[in-house]
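Notebook open, viewer loaded. I want to go through this one element by element and jot down what I look up.

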Amino acid sequence: MRTETDFVFRLAEVRDPFAVEDPFLLAFMALPPKQRRWVARQTILLCAAVDGLDTLGALELLARIAPFAEANRH
């Protein structure tokens with residue numbers, strides 16, 4: 001993980017979520033690109049569907065949903 005805030009987040013005057021040691025972001029970044037795209041899409045959909053849900057909250061929710069999704073894939 002980076003320790004320095006990315007300039008895009010500084011310009012937007014918001015916290016850079018990738019500059020912290022968040023376990024969900026560490027797990028996300030460890031995924032292969034194809035799975036990372038899938039998780040990113042699901043995160044965007046959850047944020048759009050659930051009022052007030054932020055990106056980290058959506059990642060946490062996906063982590064809680066994952067065991068149920070895996071069980072239904074087989």
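Below are my entries, from the overall fold down to single residues.

**Entry 1, confidence.** I started with how far to trust the coordinates, since this is a predicted model. The protein chain averages a pLDDT of 82, and 88% of the residues score at least 70. I then looked up which helices sit at the two ends of the confidence range. Helix α2 (residues 23-30) is lowest with a mean of 78, while α3 is highest at 91. A reminder to myself: where pLDDT is low, the predicted coordinates should not be read in detail.

**Entry 2, fold.** I counted four helices and zero strands in the protein chain. Reading from the N terminus, I get α-α-α-α. Of its 74 residues, 18% count as buried. I also checked contacts with a separation of 6 or more: 19% of them in the protein chain join residues 24 or more positions apart. The exposed surface comes to about 5700 Å², with carbon and sulfur atoms supplying 62% of it.

**Entry 3, helix α3.** Does the span of α3 agree with its residue count, or disagree? Helix α3 covers residues 33-49, and at 1.5 Å a residue its 17 residues should span 24 Å. I find its end C-alpha atoms 24 Å apart, so that agrees. Next I listed the buried residues of α3, which are Val39, Thr43 and Leu46. They cover an arc of only 65° around the axis, so they lie on the same side of α3. On the face turned away from that buried side I noted the exposed residues Lys34, Ile44, Leu45, Ala48 and Ala49.

**Entry 4, the core.** Which residues make up the largest nonpolar core? I wrote down eight in all: Leu25, Phe28, Val39, Leu46, Leu56, Ala58, Leu59 and Leu62. Helices α2, α3 and α4 each supply at least two of these residues. The most come from α4, which gives four. As a general note, nonpolar side chains tend to be buried together in soluble globular proteins. I picked Leu59 for a closer look at its contacts: leaving aside residues up to four places away in sequence, Leu59 touches Phe24, Leu25, Val39 and Thr43.

**Entry 5, Glu60.** I placed Glu60 in helix α4 (residues 55-73). Its relative accessible area is 30%, so I logged Glu60 as partly exposed. I also took a distance to Pro23: the two are 37 residues apart in sequence, and 9.6 Å apart in space from C-alpha to C-alpha.

**Entry 6, Glu13.** Last I went to the loop between α1 (7-12) and α2, where Glu13 lies. Glu13 is not a glycine, yet its phi is positive, at about 60°. For context, most residues other than glycine have a negative phi. Is Glu13 buried or exposed? At 73% relative accessibility, I put Glu13 down as exposed.

How values were computed:
Residues are numbered from 1 along each chain as its sequence is written. This is a predicted model: local features need pLDDT of at least 70, side-chain atom pairs count only at pLDDT 80 or more; totals for chains, interfaces and linings use all residues. Side-chain values use heavy atoms; hydrogens and water are left out. Buried means under 20% relative accessible area, exposed over 50%, partly exposed in between (1.4 Å probe, protein chains only). Contact means heavy atoms within 4.5 Å. Accessible areas come from the Shrake-Rupley method with a 1.4 Å probe; for residues, only the protein chains shown count as cover. The expected span of a helix is 1.5 Å times one less than its number of residues. The arc is that of the directions from the helix axis to the C-beta atoms. pLDDT is the predictor's confidence in each residue, from 0 to 100. A nonpolar core is a set of buried Ala, Val, Leu, Ile, Met, Phe, Trp, Tyr and Cys residues joined through side-chain atoms within 4.5 Å.
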